[in-house]
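Got the viewer open? Let's take a short tour, one selection at a time.

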Amino acid sequence: MKTCLITGGAGFIGCEVSKLIENTFDNIIVIDSLHPQIHKSGKRPAQLSSKVHLYVSDVTDPIIWDEILSKWKPDLILHLAAETGTGQSLIESSRHANVNVVGTTQMLDALVRNDAIPSKIVLSSSRAVYGEGKWLNAEGMAYFPGQRSNEQLANGEWDFENSTFSPMNVNNTTPMPTSIYGATKLTQEHIISCWCKSFDVSYTILRLQNVYGPGQSLINSYTGIVSLFVRMAKQKQSIPLYEDGMMLRDFVFISDVAQAIHEVMLSENANGKVFDIGSGYGATIKEVAQLVAARYEAPNPEVCGKYRNGDIRHAQGDISNTLASLNWSPKVSLNEGMNLLCDWIDGQLGE
């Protein structure tokens, strides 16, 4: 009997993966706190596979870990549980560190304590570990500018002078987080990799770009910028563009992300590696806002000049290594994905 345990498995990504792996594993165990910031009703999500055994609890609680692992011995663990708000992490640092870091170590300690060492762990990490990433100066030389200062942002100096952004790639972009969230995700990576090597457990780390699509939370104000845009456009409001609206983001559709996770679960070629998961296309926030506004015949988006501390200027994944190593590629284009998301949101909120 093969058993898969998914932490945070009742969330956006977990629900999609649960349906995809229904016939891959004999047992699927999910632990999720159903946090009200994501799950307003506190009830089991309808999107979660009916085959899932759901434990509503916190990954930081050693008692629930002992309860689960005394009954189930997972062959594979998909570690999704995390607090994810980039801006929120700057004002709720302890909460993010507790769930993302301590929650991970509680899980690992419990695996040892209950003699439940899995064969493999797949960690869902984030492009946030890169921070501002790598840039090229006027001479074409690579450098890592680090976090933009408050003074820079206050003066409207959005870009790094005479420099060009280079897409993020695990092989040549040094992780330099600019948020507490990013720092905790990088810590997760280090914890998982050194623990797995010590216990001879296979592992794979996926650095996800901006995941979007049907099923994402419509009540979490700290994530899901596209759903926020849709809600505003449906009310015929002009979407405000932070900075100058020209920030790049790599939006990758939920089904593509789930397929990537499924692939690395089963692929021995993925063991011990870190992969960038994105669409490979960098869309400006202005471009996305204009797509949404046009669909709902809302006023044109307008630059408001506001900014958020900890936000990075650009994020785009260089997925060339991923495409070469895995039997996976993103299938859903930005236009198609945005229409699918808007269709779903229309159904949730009403036309």
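Start by selecting arginine 148 and glutamate 243: both of these residues are buried. Keep in mind as you look around that this model is predicted. Show the two side chains as sticks and you'll see them meet in a salt bridge, 2.9 Å from N to O. Now trace the backbone on either side. Arginine 148 sits in the loop between β7 and α4, while glutamate 243 sits in the loop between β11 (240-241) and β12 (248-249). The two are 95 residues apart, so this pair links distant parts of the chain.

Stay on arginine 148 and add glutamate 132 to your selection. What do the side chains of these two do? They meet in a salt bridge too, with 3.1 Å from N to O. Glutamate 132 lies in the loop between β5 (120-126) and β6 (134-136), and arginine 148 lies in the loop between β7 (142-143) and α4 (150-154), so the pair ties together parts that are 16 residues apart in sequence. Is glutamate 132 buried or exposed? Glutamate 132 is buried, just as arginine 148 is.

Next stop: select arginine 313 and aspartate 244. They form a salt bridge, and their closest N and O atoms are 2.9 Å apart. Arginine 313 is in the loop between β16 (302-303) and α9 (320-325), and aspartate 244 is in the loop between β11 and β12. That's another link between distant parts of the chain, with 69 residues separating the partners. Try switching on the surface here. Arginine 313 has a relative accessible area of 1%, so it counts as buried. Aspartate 244, at 25% relative accessibility, counts as partly exposed.

Now put the pieces together by selecting Glu132, Arg148, Asp159, Glu243, Asp244 and Arg313. Salt bridges with shared partners join these residues into one network. For the whole model, the count comes to 13 salt bridges.

Last stop: switch to cartoon view and colour helix α3 (residues 93-113) and helix α5 (residues 180-198). Their axes come within 9 Å and cross at roughly 10 degrees. Angles under 35 degrees count as roughly parallel, so α3 and α5 are roughly parallel to each other. Which residues make the contact? On the α3 side, they include His96, Val101, Met107 and Leu111. On the α5 side, Tyr181, Lys185, Ile191 and Trp195 are among them. Colour the contact by class and you'll get 11 nonpolar, eight polar and one charged residues.

Terms used
Residues are numbered from 1 along each chain as its sequence is written. This is a predicted model: local features need pLDDT of at least 70, side-chain atom pairs count only at pLDDT 80 or more; totals for chains, interfaces and linings use all residues. Side-chain values use heavy atoms; hydrogens and water are left out. Axes are lines fitted to C-alpha atoms, for helices over the stretch in contact, and angles run from 0 to 180 degrees between N-to-C directions. Helices (H or I, at least four residues) and strands (E, at least two) are DSSP runs, numbered from the N terminus. Angles under 35 degrees count as roughly parallel, over 145 as roughly antiparallel, 65 to 115 as roughly perpendicular and the rest as oblique. Contact means heavy atoms within 4.5 Å. Ala, Val, Leu, Ile, Met, Phe, Trp, Tyr, Cys and Pro count as nonpolar, Asp, Glu, Lys and Arg as charged, and the others, Gly among them, as polar. A salt bridge is a side-chain nitrogen of Lys or Arg within 4 Å of a carboxyl oxygen of Asp or Glu. Buried means under 20% relative accessible area, exposed over 50%, partly exposed in between (1.4 Å probe, protein chains only).
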